[in-house]
Amino acid sequence: RKRFGIRGELGINLSSKDFLMIGTRYRDREFGGDSKQNYSEWEITDVGSIDYISNMARSREGTNYSIYLNYDRKFNSNGHILKAEIQFEKGNGDELTINELLDSNSDVLSGRKSTEAGPDTEIESRIDYTLPLDEKTKFEAGYQNEIETSNEITGISDFDPILRKYSVLSEYDKDVLYESNEHSLYSIFASKWKDFGYQFGMRAE
């Protein structure tokens, strides 16, 4: 398994009340595994046996990067604040699974390869507003939007013992596009009476 990541951020004080953060992140990952099992098969009437090996291997790799922007506006020191965030993220991944049956000489008798690939993109934004009404009471409201697009491409290949190579089974090829766009709004009124705290909220999606 291999992983690599790097991240950088830049903070800017636009004023005594305004703060801007710009950041980016990159990640690269790769991992896999395999297993082998040895089998022997024979009949009582036969002197010898048939030996073969079952082999399974799986690998997955991909990259991902994101760019984000955060903005804070502090109206005063009592918690009256506006926060805004937006992030763009894009990634891709490739996965390969192999199941094979080998003879004692490690020659392939039969096998199947399954592949899966596809990029995905996500844009997320949100705004949060907090207004303290007094020391015990505050009002909060916010909005969030998430837009996601992903493409899933899958395929299957079987080993041809005559041609001695893998042949694509095009009837099993799939190319599916997923798209979603979600919006949500919320508001919360929270307060306290003596030692009793309470809040009322509303959320819509």
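A salt bridge, for this talk, is a side-chain nitrogen of Lys or Arg within 4 Å of a carboxyl oxygen of Asp or Glu. Okay, with that out of the way, some ground rules. This is a predicted model, so to speak of local features we need pLDDT of at least 70, and side-chain atom pairs count only at pLDDT 80 or more, while totals for chains, interfaces and linings use all residues. Residues are numbered from 1 along each chain as its sequence is written, and side-chain values use heavy atoms, with hydrogens and water left out.

Right, salt bridges. By that rule the count comes to 10. Take R112 and D158: their side chains meet in a salt bridge, 2.7 Å from N to O. R112 lies in strand 5 and D158 in strand 6, so this pair ties together parts that are 46 residues apart in sequence. Strands here are DSSP runs of E, at least two residues, numbered from the N terminus. And are these two buried or exposed? Neither, quite: R112 is partly exposed at 35% relative accessible area, and D158 is partly exposed at 24%. The cut-offs are under 20% for buried, over 50% for exposed and partly exposed in between, with a 1.4 Å probe and protein chains only.

Next, D128 and R126, whose side chains meet in a salt bridge at 3.1 Å, N to O. D128 counts as buried because its relative accessibility is 15%, whereas R126, at 29%, counts as partly exposed. Then there's E205 with R203, closest N and O atoms 3.0 Å apart, and both of those residues are exposed. R58, R60 and E95 go further and are linked in a network of salt bridges.

On to the rings. How many aromatic pairs does the structure hold? It's 5. Rings of Phe, Tyr and Trp (its six-membered ring) pair if their centres lie within 6.5 Å; planes under 30 degrees apart count as stacked, over 60 as edge-to-face and the rest as tilted. F75 and Y129 have ring centres 6.5 Å apart and planes at 75°, so that pair is edge-to-face. The pair links distant parts of the chain, 54 residues apart: F75 is in the loop between strand 3 (50–74) and strand 4 (81–103), and Y129 is in strand 5 (residues 108–132). F75 is partly exposed at 30%, and Y129 is partly exposed at 26%.

F159 and Y166 also make an edge-to-face pair, 5.4 Å centre to centre with 70° between the planes. F159 is buried, at 12%. Y166 has another partner too: the charged end of K113 sits over its ring, 4.4 Å from the centre. The rule there is NZ of Lys or CZ of Arg within 6 Å of the ring centre and within 35 degrees of the ring normal. Elsewhere, ring pairs link F196, Y198 and F200 into a cluster.

Two last stops. S191, in strand 8 (residues 174–193), is buried at 10%, and its side chain makes a polar contact with the side chain of T137 at 2.7 Å. A polar contact is a pair of N or O atoms within 3.5 Å; within protein, one must be able to donate a hydrogen and the other to accept it, and residues adjacent in sequence count only if both atoms are side-chain atoms.

And I147, over in strand 6 (residues 138–160), is partly exposed at 32%. That's me done, thanks.

Definitions and conventions:
Helix = DSSP H or I, 4+ residues; strand = E, 2+ residues; numbered from the N terminus.
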